[in-house]
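Hi,

Here's the structure I said I'd pass on. Have a look at it first, and then read my notes on the salt bridges below.

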Amino acid sequence: MALCACSSAKNKAMFVTDIHSRAAKEYDEANKEISQGNFEEAERLLESSYNMATSIDDIELLSRICIAKYNLKLLYSDEEEKKEAEKFLIEAKEYAFWSENDELLYIISIFEARGAIKLEKDSLTLKEYITKLDKDRKKLSKSPFYLAMSYRTSADLYFKTEDYSFAATLYEKAALIHTKNRDLDEIGLNWYYAAISYSKAGEKEKGLESIQNALKYDKDAENISAIIADYKAYSKILLQGNASTEEKSKAESAKLRAEKIENVYLESAKEATY
């Protein structure tokens, strides 16, 4: 009888582990779909992951899934979708309260700050989030992915308050941490925003260097939509200020390159739906 009980407990543990692995995999896939702008597929994966995590009461994963749902809802242009986001933020905090992972609340703060930008909060509120992120950052030293996200979010906040030069330096910090941590899907995005920030600050050469870095890493990540955006930004930065003849030629070439890739990419996507 004891042998049966032991076998049953082992099977149950294996079942829970299997469900967790499947749920975590779909959660990771959903985040990748979000980064590539495939929101409907991301929503489907998050819902499936949420249901599996609920079935085994995986508190930490549930909190992370709710954060992802919050982030996803804020990316929609529809105001009703944005309003719905708040309930996922509240749910994420509730799960984090029951979790043994103390970092979760600090991670949630990152996405709450990002939400403040998307919801167009006033400058004073954004500066309060900057202060909070600066204070919380040391708590994320063991989680390089979220440490980088904290720097990127602070950069976004500084960008929103029009401190473009400092925003660029923080995007670079985020890029370096993501590079060291081999977060391939994130690196190019940091360099892209560093390029935009330097361009806004009137630092053209640094902007060009940053957008070239973005292109390199986005190609490595095979992120087609990001590559298209990189070429478009590259074209615009080249034309900044008193552009030389060579720069104008390169800008036109980059613009045409973006259009060509975009047309082929959209045609491929159309064919894939048949």
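A quick bit of wording before the rest: I call a residue buried when its relative accessible area is under 20%, exposed when over 50%, and partly exposed in between. Bear in mind that this is a predicted model.

With that cut-off, Arg137 comes out as buried, because its relative accessibility is 10%. Its side chain forms a salt bridge with that of Asp134, at 3.0 Å from N to O. Asp134, on the other hand, is partly exposed at 39%. Elsewhere, Glu43, Lys73, Glu84 and Lys87 are linked into one network by salt bridges with shared partners.

Then there's helix α6, which spans residues 123–136. Asp136 and Lys132 sit four residues apart in that helix, so about one helical turn separates them. Their side chains make a salt bridge with an N to O distance of 3.1 Å. Here the acid is the buried partner: Asp136 has 7% relative accessibility, whereas Lys132 is partly exposed at 37%.

Helix α2 (residues 39–55) holds another pair, Arg44 and Glu41, three residues apart and again about one turn of the helix. The salt bridge between these two side chains is 2.8 Å, N to O. Both ends are partly exposed, Arg44 at 48% and Glu41 at 30%.

In total, I get 17 salt bridges for the model. Shout if you'd like to go through any of them together.

Cheers

Notes. Residues numbered from 1 in each chain as written. Predicted model: local features only at pLDDT ≥ 70, side-chain atom pairs only at ≥ 80, totals over all residues. Heavy atoms only, no water. Salt bridge = Lys/Arg side-chain N within 4 Å of Asp/Glu carboxyl O. Helix = DSSP H or I, 4+ residues; strand = E, 2+ residues; numbered from the N terminus. Buried < 20%, exposed > 50% of the residue type's maximum accessible area, 1.4 Å probe, protein only.
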